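Please open the model in your viewer and keep the selection tool at hand, since this tour moves from one set of residues to the next.

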Amino acid sequence: MLTGEWLDIGWADEIPVRGSRTVQVEGGDDIAVFRTGDGRVFALADRCPHKGGRLSQGIVHGGAVACPLHNWRIALATGEALGEDKGCTPVIPVKLSGGRVLICRASTMQAAA
Amino acid sequence: MHHQSHPAAALEREHLVVIGNGMAGCRAIEELIARDPSRYRVTIFGAEPHVNYNRIMLSPVLAGEKSFDEIVINDRQWYAANGIELVTSDPVLAIDRTARTVTAQSGRTVGYDRLLIATGSDPFIIPVPGKDLPGVITFRDMADVDHMLAAAGKGGDAVVIGGGLLGLEAAHGLTLRGMKVTVIHLMPTLMERQLDEAAGWLLKSALEARGQTILTQANTAEIVGTEAVEGVRLKDGTLIPASLVVMAVGIRPSVALARDAGLAVGRGIQVDDHMVTSDPAILAVGECVEHDGQVYGLVAPLWDMCRALADGLVGSHSGYRGSVTSTKLKVAGLDVFSAGDFSGTDGAEDIVLRDASRGIYKRVVVKDDRIVGAVLYGDTGDGGWYFDLLKRGEDIGAIRDMLIFGQAFASGGGVADPKAAVAALSDTAEICGCNGVTKGQVVACIDAGGHSLDAVRAGCKASASCGSCTGIVETLLAITLGDAVEAGPRTMCNCTSFGHDDVRREIVAQQMRSIPEVMQKLHWATPDGCSSCRPALNYYLLCALPGEYVDDQQSRFVNERMHANIQKDGTYSVVPRMWGGLTTPRELRAIADVVEKYDAPMVKVTGGQRLDIFGIKKEDLPAVWADLNAAGMVSGHAYGKSLRTVKTCVGSEWCRFGTQDSTGLGVKIERMTWGSWMPHKFKIAVSGCPRNCAEATIKDFGVVCVDSGYELSVGGNGGIKVRATDFLCKVATEAEAMHYCAAFIQLYREEARYLERTAPWIERVGVDYIRARIADDAEGRDALAGRFHVAQQFLQDDPWAARAAGAEREQHAPMARFTPHAVPA
């Protein structure tokens with residue numbers, strides 16, 4: 001599970017459609033893994049650039065998530081705040097392989113550094 | 001030159017052996033022959049007994065629209081005329097790269113100079129018990145079609161596993177052949193790789209209207225049967241009887257032969273731009289290859305690959321650069337098109353057109369003034385045009401406003417300005433198809449004082465039904481009035497041109513049953529709404545369809561999903577219900593135990609007379625609830641757009657001033673009203689005398705007890721703008737007080753806008769209206785209260801109990817955990 005460039009975190013269908021799950025990294029921020037209405041998967045540090053809200057708990061719509069604390073909209077692909085707000089949350093590269101979700105090992109470890 | 005066609009010369013030609021007599025293998029040879037018919041001697045091995053046929057056309061054969069002969073691409077005459085040796089029913093089993101030979105099942109061994117692998121793909125078989133039972137088949141070749149036709153001849157039930165293109169075509173064919181068909185699809189949306197949710201919903205509705213049963217988010221557990229298949233059991237236990245099961249869950253590149261031969265294989269056989277594998281003597285083409293990390297399951301890329309391959313074979317290398325794919329399909333007679341990336345990537349904007357009455361949905365995804373994707377349903381006529389603009393990366397900035405109306409409109413007469421286009425329409429041009437309103441009538445309505453969208457809707461009905469002409473009406477307003485246009489009522493959000501009231505009215509009038517249905521029928525401008533409209537729609541549907549609508553958890557704000565209040569550090573606060581603000585030693589002990597056991601850093605008494613336990617971790621919530629449930633406590637709904645608390649004072653039982661049993665009445669009211677979802681939070685208080693210690697006159701519904709009965713008042717709140725209640729009426733008995741309360745809440749539930757508290761609602765509609773509906777209209781009051789009690793039958797269900805028992809466990813647990821520092825380097 002912990003070898004190679006990618007970390008296997010589970011099946012894509014364990015993430016609710018238009019929802020999110022988290023990956024805990026010891027010593028660091030959680031990672032929020034999202035699944036959109038059209039089945040794409042993204043991962044971001046689970047911290048809103050505004051006040052650190054848990055993005056994993058927000059409402060996922062289109063390719064964005066609304067932070068539960070103050071409703072900032074964060075683009076899932078880039079981590080950038082949308083609209084008038086300015087800020088960016090780190091993106092963790094993700095890929096799907098045979099229905100499994102793989103996240104970038106280096107970025108994950110960095111999140112814990 | 002002439003001697004080249006001499007048989008002796010033929011022996012000197014290089015021998016090209018093709019493994020696979022399918023569409024890719026034969027197309028490659030056609031392309032080669034077109035370039036140089038005499039360069040190679042060709043032998044083709046096929047596993048099937050047939051000549052080369054069009055695999056894509058198997059669906060019409062199944063449906064009875066075509067015969068096998070009609071889908072043959074190249075008959076035996078073609079092979080003979082081009083000197084191609086065809087070996088059928090004899091699959092190649094091994095490649096010897098050192099000896100440069102292939103060996104087939106029959107034992108026949110043939111040498112090659114160049115080898116072309118075109119083995120295509122294999123159907124994926126989901127590894128469930130019973131997958132090998134007779135009657136379980138795939139949908140890949142003519143033999144599968146023969147199998148299905150034989151089964152359909154006996155009638156009965158069929159199950160198709162897989163709601164992709166292939167599965168739906170199998171289901172359609174079997175339906176036409178008289179079988180009763182159920183489609184089981186793992187994902188929430190049919191054909192999710194080609195269609196977005198809205199188009200998938202339209203497709204599902206249309207197929208259901210044709211008699212198929214479509215089960216989405218259905219997971220196959222096993223195929224049951226002893227001698228032959230008898231049915232399919234889902235993971236949720238449902239058993240679907242079936243004498244035929246078609247597995248159409250997907251395809252995998254057929255790479256076994258190449259892998260055994262030691263060729264580089266990833267997801268497919270890896271090839272370069274000239275379709276050459278890791279062995280320069282061996283080429284590969286079609287669905288079995290991986291080019292630049294991509295594998296393709298559609299026919300268009302195959303044609304591009306075959307061209308590059310043939311160019312390479314004759315020494316004029318052109319090179320394949322990958323394909324942008326589009327899918328234009330007729331699924332069960334329904335037109336569907338998709339191309340490019342329609343997943344709404346960052347910076348991309350959606351242009352959406354929905355024509356509810358004709359069942360049409362069009363969505364074009366634009367990024368930096370270029371089309372990056374498109375999904376069309378119902379009318380795919382402009383698919384080719386969009387795809388062409390997409391492939392050419394054309395700047396569509398100039399025609400953007402007209403783009404969604406299609407090529408004819410967008411490029412018609414060189415009018416690129418939508419205002420000019422609308423201005424150019426004749427007075428007799430029909431603007432609103434639903435109500436048959438012409439441009440002249442709309443303009444007349446505006447001239448007569450209709451200076452806002454709403455006024456036009458009221459005045460001449462244009463845009464008052466489906467709303468698809470809203471943009472044109474707004475343009476007419478702008479043209480006619482310039483800056484004098486009055487802003488209408490605010491729309492729900494940027495996803496729709498309708499306001500809350502219009503949406504609610506239409507949900508009820510058109511009996512809509514799901515969020516995607518509302519978005520389709522009311523022409524939502526986004527594929528799946530936003531964080532403003534989704535919770536509102538979820539509430540409106542829940543209110544309109546008590547006991548029937550299945551709540552969409554992903555359309556609820558986190559607090560209502562977790563049944564606790566999120567705090568700024570990501571922990572939650574938990575408030576157990578204390579009926580009427582009363583508690584017991586047992587409840588207090590349970591709360592104290594929870595505080596200690598889960599290290600809650602703070603406990604606080606709330607303004608509504610409850611105890612709030614702070615700092616509970618998401619993971620611990622189910623256990624906390626289990627402990628509180630064990631002491632008889634349920635969710636306090638302190639987090640919801642719902643009934644919060646009923647605050648009471650001690651009343652006549654203890655207080656020297658008390659006139660009635662205010663605590664007893666408060667408990668009864670809370671027992672009646674808890675669990676109710678509402679447009680916004682809702683607070684109640686019962687004071688035992690006019691001293692009003694429970695602060696009943698700043699609640700949404702307040703009761704002040706007096707000697708002669710109960711004074712009821714409504715529409716108060718604290719908050720940013722404090723508002724005292726308006727007096728509603730006075731009643732004589734507790735039972736009446738409760739009845740009026742139920743009726744008032746239901747009126748609020750049915751008529752207030754989502755996130756509108758009772759105070760602004762009453763200021764908007766006027767307290768006289770509320771009095772007329774609740775105090776003066778006995779029959780209406782009874783009906784409202786009746787509907788409230790019906791809804792409560794379904795809503796008074798402690799959400800904590802289900803979660804404590806394990807429901808939606810995944811919401812509370814991380815998907816994975818990593819301890820990076822324990823990782824070996």
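Before any selection, it helps to fix three words: Ala, Val, Leu, Ile, Met, Phe, Trp, Tyr, Cys and Pro count as nonpolar, Asp, Glu, Lys and Arg count as charged, and the others, Gly among them, count as polar. Please also keep in mind that this is a predicted model.

A search of the whole structure finds four cavities of 30 Å³ or more, and the tour visits the largest and the second largest.

Begin with the largest cavity, which holds about 160 Å³ of space, by selecting Ser20(A), Ser56(A), Gln57(A), Arg561(B) and Gln811(B), which among its 15 lining residues lie nearest its centre. Next, colour strand 2 (19-25) of chain A and helix 19 (558-562) of chain B, each of which supplies at least two residues of this lining; the largest share, four residues, comes from strand 2 of chain A. Taken by type, the lining of the largest cavity divides into three nonpolar, eight polar and four charged residues.

Now move to the second largest cavity, whose volume is about 70 Å³. Which helix gives the most to the lining of the second largest cavity? Select helix 18 (residues 533-544) of chain B, which gives the most, with four residues, and then extend the selection to other residues that line this cavity, including Ser555(B), Arg556(B), Glu560(B), Lys641(B), Trp677(B), Met678(B) and Tyr754(B). If you colour the lining of the second largest cavity by type, the residues divide into six nonpolar, two polar and three charged.

Note on methods
Residues are numbered from 1 along each chain as its sequence is written. Chains are lettered from A and ligands numbered from 1 in the order in which they are written. This is a predicted model: local features need pLDDT of at least 70, side-chain atom pairs count only at pLDDT 80 or more; totals for chains, interfaces and linings use all residues. Side-chain values use heavy atoms; hydrogens and water are left out. On a 1 Å grid over the protein atoms alone, a cavity is a set of points where a 1.4 Å probe fits but cannot get out, and a pocket is an open set with protein on both sides within 12 Å along at least five of seven lines; lining residues have an atom within 4 Å of a point. Grid points are joined across faces, edges and corners, and a volume is the space filled by probe spheres set on the points.
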